[in-house]
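Hello,

Here is the structure I promised to pass on to you. Please have it open while you read, since my notes follow below.

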Amino acid sequence: MRAKHGVMAAIAAFAATVASAASITVDRVAQRWPWNNKVDIYYTVHGGQNVEGSTFARIEFTANIGGSEKTIDGNAIGASASDGEHVATWTAPAGLRASDCTMTARLIASDAPSGDDYMIVNLSSGAVTYEGLLASQDDSNDRYNTAEYKTGKMVLRKVPRWADRAALPNAASLPAAGYPTGDNTNYPDTNSETNWVTKRAYYIGIFPVTQNQYQNITGSNPSWYKAEEEGNLAAHRPVEGDISWYLLRRPTDDSSDFASTSKIPSVSSNTGTFFQRLNYKTGLYFDLPTAIMNEIALRAGTITVFPYGNDNYWDYVVCSKNDVTRKGPMAVGSKKPNDWGLYDMVGNVMQMLLDDNSLPNRANASDPFVPAWGGGTATSDARRESRPLHYSQWATGSDVKNRRSSERSTQKAVSTSGAVGFRVAIVVD
């Protein structure tokens, strides 16, 4: 990260620029059809933030609705203040018609870049804001691989629609057909390769959920590995232990609405499972990633059998093979991230996925955002059906299958383990 005094100097310089040359115009506002409260704001920035020069800005929109003004923080809707034409989506008050709304905007100096590359969730207040990528992916990695984002805040990385892939740091090297996925054993054999051209965007946590983050949401820590080790804070370790696919998504084990296709039940107060509480606090719908969403993020555009290519496996993966003195999982972010700044995608803890086990090769799934479901109700054996896990965990040795991008294990929906955790995802657009 750049020195703080340098950032403050850049803010001061930008403040002077705002007063003289920088400008922003709102070109139009368009309500999504059929009429709802999603309003797309189309705008153009001239002389805006310069990320390469550590000169950052945010946008403040002012909507005039029937004579009443409403201020919209651009960072709360992921609006970029970089030069050029942009669109940001605002969730407007119910009943609004865009034809009744006029909008203006202004640029304000900021200490972080604006944009929507990252979603930041404040676990205390539930507030959700967005930030843009710094001058490089490495710079952003340095910003977020800190205690703040392993405890009181949670940070998620955007995987954009394929049409918007230019926003990714390795866009130039991505395969032409789409985000790659494969099957469990044959990839990258061309007879089994499937490439997804995603039409929606999603965010996925840059870390597995930590013990402290879980406790901040639920008030409890179900982990089995809580002992402190030198340089390995338990608070920063992935949560594991007495959690399961079922307990994360349902309040009790005897719920009558277990049908696999149902969503996480909403709650009207801060009660229930981790996801129910997180969704209540934020007003959004977070869940586990599907198997395909997870693999797209894990590969980060790589078409090799292993997501780290020819690099040293041990630089990326936490497992007992290279650290026999450590007991249990390691603090998240202890190893290198992938090309999109996602840590522990392989190793540390196995991670629960949303699907059930009815489609062993998820490269054959019909939609990367729709989980494979076998159905079932609370009164059937389906409640104990296996759920996929991304394989490779801290107790793993050097078996090559544990390092494949598409390799998965399974665990029953109600089972718990000190080797299994999870990360959070949310589909947008």
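**A buried asparagine**

Let me start with asparagine 348, which lies in the loop between H6 and S13. Please keep in mind that this is a predicted model. Is asparagine 348 buried or exposed? Its relative accessibility is 0%, and because buried means under 20%, asparagine 348 counts as buried. Its side chain has polar partners in the model. The side chain of asparagine 348 reaches the backbone nitrogen of methionine 330 at 2.8 Å. There is also a polar contact of 3.3 Å between the side chains of asparagine 348 and aspartate 344.

**The protein as a whole**

Stepping back, the protein has 429 residues, and 53% of them are buried. Its secondary structure consists of 6 helices and 17 strands. If you take the contacts between residues at least 6 apart in sequence, 70% of them join residues at least 24 apart. The accessible surface of the protein is about 17800 Å², and carbon and sulfur atoms account for 48% of that surface.

**Two open sheets**

Two of the sheets are worth a look on your screen. One is an open sheet of 3 strands in the order S1-S2-S5, with antiparallel pairing. Strand S1 (23-31) and strand S5 (84-91) are at its edges; each has a single partner strand, so one side of each has no neighbour in the sheet. On average, neighbouring strands of this sheet are turned by 25 degrees against each other, direction ignored. S1 pairs with strand S2 (residues 38-46) through 8 bridges, in the antiparallel sense. If you want a pair to click on, valine 26 has tyrosine 43 in S2 as its bridge partner.

The other is also an open sheet of 3 strands, and its order is S4-S3-S6, with antiparallel pairing. Which strands stand at the edges here? They are strand S4 (68-73) and strand S6 (101-110), and because each has a single partner strand, one side of each is left without a neighbour in the sheet. The twist from one strand to the next averages 25 degrees. Strand S3 (residues 56-65) runs antiparallel to S6, and 10 bridges join the two. One place to find this pairing is phenylalanine 61, whose bridge partner in S6 is alanine 105.

**Around strand S14**

Further along the chain, have a look at strand S14 (residues 386-390), which is mostly covered, with 4 of its 5 residues buried. Strand S13 (residues 350-352) runs antiparallel to S14 and is joined to it by 2 bridges. Glutamine 351 has histidine 390 in S14 as its bridge partner. S14 is also joined to strand S15 (residues 408-412) by 5 bridges, again with the strands antiparallel. Here leucine 389 stands opposite serine 409 in S15.

**The nonpolar cores**

As general background, nonpolar side chains in soluble globular proteins tend to be buried together. In this model the largest nonpolar core has 35 residues, and Tyr179, Tyr202, Ile296 and Trp340 have the most contacts inside it. Two or more residues of this core come from each of strand S7 (118-122), strand S9 (153-159), strand S12 (201-205) and helix H6 (291-299). H6 gives the largest share, 5 residues.

What does isoleucine 296 touch, leaving aside residues up to four places away in sequence? Its contacts are Val159, Tyr179, Pro180, Thr181, Trp196, Thr198, Tyr202, Gly301 and Trp340. There is a second, separate core of 32 residues, and among its members are Tyr214, Leu278, Val420 and Val428.

**A buried arginine**

Finally, please look at arginine 249, which is part of helix H4 (residues 245-249). With a relative accessibility of 1%, and buried meaning under 20%, arginine 249 counts as buried. Which residues does arginine 249 touch, not counting those up to four places away in sequence? They are Ser262, Lys263, Ile264, Pro265, Thr273, Tyr285, Asp287, Leu288 and Leu354. As for aspartate 287, it is 38 residues from arginine 249 in sequence, while the C-alpha to C-alpha distance between them is 8.1 Å.

Happy browsing, and best wishes!

Definitions and conventions: Residues numbered from 1 in each chain as written. Predicted model: local features only at pLDDT ≥ 70, side-chain atom pairs only at ≥ 80, totals over all residues. Heavy atoms only, no water. Pairing = 2+ DSSP bridges. Axes fitted to C-alpha atoms, helices over the stretch in contact; angles between N-to-C directions. Buried < 20%, exposed > 50% of the residue type's maximum accessible area, 1.4 Å probe, protein only. Core = buried A, V, L, I, M, F, W, Y, C linked by side-chain atoms within 4.5 Å. Contact = heavy atoms within 4.5 Å. Areas by Shrake-Rupley, 256 points an atom, 1.4 Å probe, with all protein chains shown as cover. Polar contact = N/O pair within 3.5 Å; in protein donor to acceptor, adjacent residues only side chain to side chain.
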